[in-house]
Each structure stands twice: as C-alpha cells, then as structure tokens.
Amino acid sequence: YAKMATVSLSFNIDSPRWDQSTFVGRLKHFLNITDPRTVLVPEEELDQAKALVEGCRAGLVPPGSSQEQLLYAKKLYDSAFHPDSGEKMNLIGRMSFQVPGGMAITGCMLQFYRTVPAVVFWQWVNQSFNAFVNYTNRNAASPISLRQIGVAYVTATGAALATAVGLNLYTKRAPPLLARWVPFAAVAAANCVNIPMMRQQEIINGITVTDENNNELGRSRRAAVKGIAQVVLSRITMAAPGMIILPIIMERLEKFTFMQRIRVLHGPLQVLLCGGFLLFMVPAACALFPQRCSLALADLEVELRDSIVAKHGDKVPYVYFNKGL
C-alpha cells in the first residue's frame, strides 16, 4: 500500500479542488460532479471508485495510482454516493441525472400545456421525479417515515396540480405567452411545498451542527430551516431560465413558416433546448450557496447557543452543517 511518486504526500482526497467560499469555485465543483456522463458509469466501477476513495482516506493508495485517477474516483464517488451516509444513491435522484431526466420532463411540460389532462399528467410525472430527487438529497442524519414521504408527495403534487390547472384555466383568454409560463409557476409552487415536506423531520427535530473541525455540537431547527430555504431557492433558480426564456424563444420560432410545417418536432426541439439550459443551470443552481452551510452562533436556538457557550466559550462563532441539494 505504498504511496507512489505520482501522488503527492500532502494529497488529501477530501480537500476541495476549488475554493468553495466563492461561487466560481463551487460552480467548477458542481460542473464536475453533476456531469451527466457519470450516469452511464457501470455499478462495478462506482463501487471501485468508492473503495479507492475510502482506501485513500485511510492512507492506502494502490501501487501505480496517479493523482488524476484518484481525482476521477472522487468525482464518481461524489456523483453517486450520499455525502452524509456514504450510501449509493438511486440513479434517478442523483444530481448527475438532473440534465437527462429534467430535460425530458421539462420539455414535455412546456410542450403539452394546452389541455388540462396533459397538464395533470406531466405535473404528476415531474413531482414524482422531484420526490425521488428531494428524498435522495436530504440530510441523511434525519430519517423520514414512509407515511411522511407519502404525505409530502401527495401534498406537493396537489399544490402543483392546483397551481397548473387553476392558472391554465385562468389564462385561456390571456396572451399565449402567459399560458406557456404556467408550468414554471406550478414547478415553483410545488418546490415550495415538496422540499420542506420531504425534509420535515429536519425542521421538527433539527439537524446536526458542528464546529469548524467537524466536532458535533448539537441539533438545530434553525439550521434546518436555513438549509432547506436555500435548497428551495436553488431548485427554482435551476428551472427558471429554461422555463421562462424557452417559451419566449418557442413563441417567436413558431411564427416562422418552416416551424409550422414541422410541428411534430416541436417537442423534441424543446427537450433538447431544455437540456442546453440545464447543462449549465444544474451546477450553477447547486453552486448558489455553499454545500457546507454556516450559521452564526447568535442565530441559533437559545438552548443550543447557551450549551455551546458553556462548553466552548467564544471559540465557536459559527456552526456548520450539510444543507443537502
């Protein structure tokens, strides 16, 4: 298990390759781990990447390993395994699946918005997809029961359908462009319900907060609220450009004669364009806020703040926690 010359003795596989205190650094990080090509990597290769990462953490680097190989293994590990539990995430829920999965569903929502049955079907499909994503990327230290998952799913789907169907009927006499924006309004409304409901245990019981050196300090509900609020904003931002700008593009394109002759291709075209938006927006939205979120000691619950001050004095000005994605 000797370290080879190709790997620096100071190499730490868990150290971020880019500065995570800046948006550009976080963007580079998420461009790396949300790479949609990683969804095609075989399960065996993902397991090998996990073994390599865990071995590297223990100081056991296989002979002949290069730093590039270790970094690629970490990329696969981050794309497929939960940062809290280390368990392999389901394929649909991984952020690396957001581009292929999201582009297909979003493209169909934007294409089939005119009739109520189509709106109902595609909003249901989207909320089912979101439920997978939200559950997969929750803070794993806060378990959630099947009943709570069911309630969250039904509530979010209901909110999306009520918004979509209500606005769809309301915009019948409005300019066509407004009707095209209905799917985004439904997605935004559902995100405001789906994510907090799916992660309600974190709000009820709090999430684990640590000091700068990852020493546990207690559980905080306020930290959970801050983390979930940031995730909601990130998810809405992720969908916004494609679902707001693309309808404007399609509205103008469809006035051309050649577009009117190829109506059957409008759906596939919207799916591809959605993919173009999501290819950048998935990592950009994930990078809006640091993954390792912080909260000032003064903003914590009184009991927890007093407990930390009693044990550590003024040595812990901030607490840290994983906000989820």
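**Entry 1: the annotated segments**

I began with residues 150–170 of this predicted model, where the chain is 100% helix and 0% strand and the C-alpha atoms at the two ends lie 30 Å apart. I had picked this stretch because an unreviewed UniProt entry lists it under "transmembrane region", along with residues 228–249 and 269–289. For residues 269–289 I found 86% helix and 0% strand, with 32 Å between the end C-alpha atoms.

**Entry 2: Arg-252 and helix 10**

Next I looked up Arg-252, which belongs to helix 10, the run of residues 221–253. With a relative accessible area of 61%, Arg-252 is exposed, because the cut-off for that class is over 50%. I also took the distance from the C-alpha atom of Arg-252 to that of Gly-242, 10 residues away along the chain, and it came to 15 Å.

**Entry 3: a nonpolar patch**

I then turned to the surface and noted a nonpolar patch of about 500 Å², made by Phe-256, Phe-258, Ile-262, Val-264 and Leu-265. Of these residues I placed Leu-265 in the loop that runs between helix 11 (257–261) and helix 12 (266–286), and at 45% relative accessibility Leu-265 is partly exposed.

**Entry 4: aromatic rings**

I counted 6 aromatic pairs. In one of them, Phe-121 with Trp-122, the ring centres are 5.0 Å apart and the planes stand at 80°, so I recorded the pair as edge-to-face. Phe-121 is partly exposed at 42% relative accessible area, whereas Trp-122 is buried at 18%. The patch residues Phe-256 and Phe-258 also pair, with centres 5.9 Å apart and planes at 35°, so this pair is tilted. Both rings belong to partly exposed residues, Phe-256 at 46% relative accessibility and Phe-258 at 47%.

I noted as well that Phe-121 and Trp-122 join Phe-112 and Trp-124 in one aromatic cluster. Elsewhere, the charged end of Arg-292 sits over the ring of Tyr-320, at 4.5 Å from the ring centre.

**Entry 5: salt bridges**

My count of salt bridges came to 11. In one of them the side chains of Arg-57 and Asp-14 meet at 2.9 Å, N to O. Arg-57 lies in helix 2 (residues 43–57) and Asp-14 in the segment before helix 1 (23–33), so the bridge ties together parts that are 43 residues apart in sequence. I found Arg-57 partly exposed, with 42% relative accessible area, and Asp-14 partly exposed as well, at 38%.

Asp-35 and Lys-75 form another salt bridge, at 3.0 Å, N to O. Because Asp-35 is in the loop between helix 1 and helix 2 while Lys-75 is in helix 3 (residues 67–80), this pair links parts 40 residues apart in sequence. Asp-35 is buried at 8% relative accessibility, and Lys-75 is buried too, at 12%.

The bridge between Lys-74 and Asp-78, with its closest N and O atoms 3.0 Å apart, stays within helix 3, where the two residues are 4 positions apart, about one turn of the helix. I classed Lys-74 as buried at 12% relative accessible area and Asp-78 as partly exposed at 22%. Finally, I followed the shared partners and found that salt bridges join Asp-14, Arg-57, Lys-74 and Asp-78 into one network.

Definitions and conventions
Residues are numbered from 1 along each chain as its sequence is written. This is a predicted model: local features need pLDDT of at least 70, side-chain atom pairs count only at pLDDT 80 or more; totals for chains, interfaces and linings use all residues. Side-chain values use heavy atoms; hydrogens and water are left out. Patches are made of residues with over 30% relative accessible area and no salt bridge: like charges are joined within 9 Å, nonpolar side chains (Val, Leu, Ile, Met, Phe, Trp, Tyr) within 5 Å. Accessible areas come from the Shrake-Rupley method with a 1.4 Å probe; for residues, only the protein chains shown count as cover. A salt bridge is a side-chain nitrogen of Lys or Arg within 4 Å of a carboxyl oxygen of Asp or Glu. Buried means under 20% relative accessible area, exposed over 50%, partly exposed in between (1.4 Å probe, protein chains only). UniProt positions are given in the numbering used here, feature names are shortened, and annotations may be inferred rather than shown by experiment. Rings of Phe, Tyr and Trp (its six-membered ring) pair if their centres lie within 6.5 Å; planes under 30 degrees apart count as stacked, over 60 as edge-to-face and the rest as tilted. A charge sits over a ring if NZ of Lys or CZ of Arg is within 6 Å of the ring centre and within 35 degrees of the ring normal.
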